[in-house]
Amino acid sequence: MDIYLIRHTEVAVGRSLAYGQSNVDLADNYEEQRDKLTLHLPEDPSAIFSSPLNRCRQLAEDLAVALDTGSRIETAPGQTTVVDSHRPAVQFDDRLKEFHFGDWEMMPWTDIGRDVLDPWMADFVHVSTPNGENFQDVFDRVGAFWREKIIPLSEQAPGQPVFIVSHGGVIRALLCLFLDLSLHNAYRINLDYGAVTKLTLTGSSYTIQYINR
């Protein structure tokens with residue numbers, strides 16, 4: 001089964017903010033980035049999973065509409081409607097949300113005291129943000145999602161692709177799982193906004209086809 005890991009498109013806030021699980025607006029180039037990433041996607045996914053955060057929700061729902069394989073009929077001059085719709089339903093899952101920064105959400109990084117920021121940066125895998133989580137927490141919830149949702153699907157419909165629309169932290173956690181990478185090295189993997197990563201799951205074996213296209 002081919003699985004496409006899709007990072008949401010660019011957001012309107014800069015990298016200077018710890019926006020994590022906060023809802024933020026998409027950048028003005030959303031439609032351009034959305035249309036570009038669809039070039040790397042097949043047209044017949046058996047399922048679309050997504051983070052419920054708005055920046056992923058909009059992309060996942062737009063992909064579902066674009067992939068509707070129903071027939072279009074003209075209902076009036078210049079107006080059409082879709083019949084026999086086969087649009088894949090988007091399944092939202094909280095476990096696909098981005099890293100939760102807790103009390104740091106929407107704070108500029110420069111406003112976070114070095115006395116708490118430095119220990120976290122030195123060991124973000126095990127040190128949690130205040131009232132937030134650490135990267136081990138992200139890895140654990142993403143792994144639970146994978147075992148509960150994707151593994152059974154690979155057994156039921158191994159020939160059909162699956163889309164997962166999510167965030168940089170979540171996709172890096174998944175890549176650590178597939179490649180048996182240390183979580184401390186997760187952010188050595190570059191993932192652009194609107195990038196697609198493809199892997200093939202065969203039984204219990206993972207093959208990475210490409211990263212960050």
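This is a short talk on how the sheet, the helices and the nonpolar cores of one structure fit together.

Hi everyone, and thanks for coming. Please keep in mind throughout that what you see is a predicted model.

Let's start with the sheet. It is open, has 6 strands in the order 6-3-8-1-9-10, and its pairing is mixed. At the edges stand strand 6, residues 90–92, and strand 10, residues 205–210; each has a single partner strand, so one side of each has no neighbour in the sheet. From one strand to the next, the twist averages 25°. As a reminder, strands in a sheet pair through backbone hydrogen bonds, and they can run parallel or antiparallel.

Now look at strand 8, residues 162–166. How many of its residues are buried? The count is 5 of 5, so to speak of this strand as mostly covered is fair. V162, I164 and S166 point to one side, while F163 and V165 point to the other, and all of them are buried. That fits a general pattern: side chains in a regular strand alternate between the two faces of the sheet.

Who are the partners of strand 8? On one hand there is strand 1, residues 2–7, which pairs with strand 8 in the parallel sense over 5 bridges. Within that pairing, I6 has V165 as its bridge partner. Then there is strand 3, residues 47–50, also parallel to strand 8, with 4 bridges. You can walk along this pairing on your screen: A47 stands opposite V162, I48 stands opposite F163, and S50 stands opposite V165.

Strand 3 deserves a moment too. Both of its faces are covered, with A47 and F49 buried on one side and I48 and S50 buried on the other. Strand 3 also pairs with strand 6, in the parallel sense, over 3 bridges. There, F49 has Q91 as its bridge partner.

If you'd like one residue to click on, try A47, which is found in strand 3. Is A47 buried or exposed? Its relative accessible area is 3%, and because the cut-off for buried is under 20%, A47 is buried. Setting aside neighbours within four places in sequence, A47 is in contact with Q91, L153, P161, V162 and F163. A47 and V90 are 43 residues apart along the chain, yet their C-alpha atoms are separated by 7.1 Å.

On to the helices. Helix 2, residues 54–66, packs on the sheet and touches strand 1, strand 3, strand 6 and strand 8. The direction of helix 2 makes about 155° with that of strand 8.

Helix 4, residues 135–156, and helix 5, residues 168–179, pack against each other at about 75°, with axes 9 Å apart. That angle is why we can call helix 4 roughly perpendicular to helix 5. From helix 4, the contact uses F135, V138, F139, R141, V142 and W146; from helix 5, it uses G169, V170, A173, L174, C176, L177 and F178. Sorted by class, that contact has 11 nonpolar, 1 polar and 1 charged residues.

What about the interior? In soluble globular proteins, nonpolar side chains tend to be buried together. Here, the largest nonpolar core has 37 residues, and I3, F49, W146, I150 and I164 touch the most other members. At least two residues of this core come from each of strand 1, strand 3, helix 3 (114–122), helix 4, strand 8, helix 5 and strand 9 (196–202). Take I3 as an example: beyond four places in sequence, I3 touches W146, I150, V162, I164, T197, K198, L199 and L201. Apart from this core lies another one, of 22 residues, with I6, L37, A64 and V90 among them.

Last, two backbone oddities. D180, which is not a glycine, has a positive phi of about 55°. D180 lies in the loop between helix 5 and strand 9, and D180 is exposed, with a relative accessible area of 70%. N212, also not a glycine, has a positive phi near 65°. N212 lies in the segment after strand 10. Where D180 is exposed, N212 counts as buried, at 18% relative accessibility.

That's my tour. Thanks for listening, and I'm happy to take questions!

Methods:
Residues numbered from 1 in each chain as written. Predicted model: local features only at pLDDT ≥ 70, side-chain atom pairs only at ≥ 80, totals over all residues. Heavy atoms only, no water. Buried < 20%, exposed > 50% of the residue type's maximum accessible area, 1.4 Å probe, protein only. Pairing = 2+ DSSP bridges. Axes fitted to C-alpha atoms, helices over the stretch in contact; angles between N-to-C directions. Parallel < 35°, antiparallel > 145°, perpendicular 65-115°, else oblique. Contact = heavy atoms within 4.5 Å. Nonpolar A, V, L, I, M, F, W, Y, C, P; charged D, E, K, R; others polar. Core = buried A, V, L, I, M, F, W, Y, C linked by side-chain atoms within 4.5 Å.
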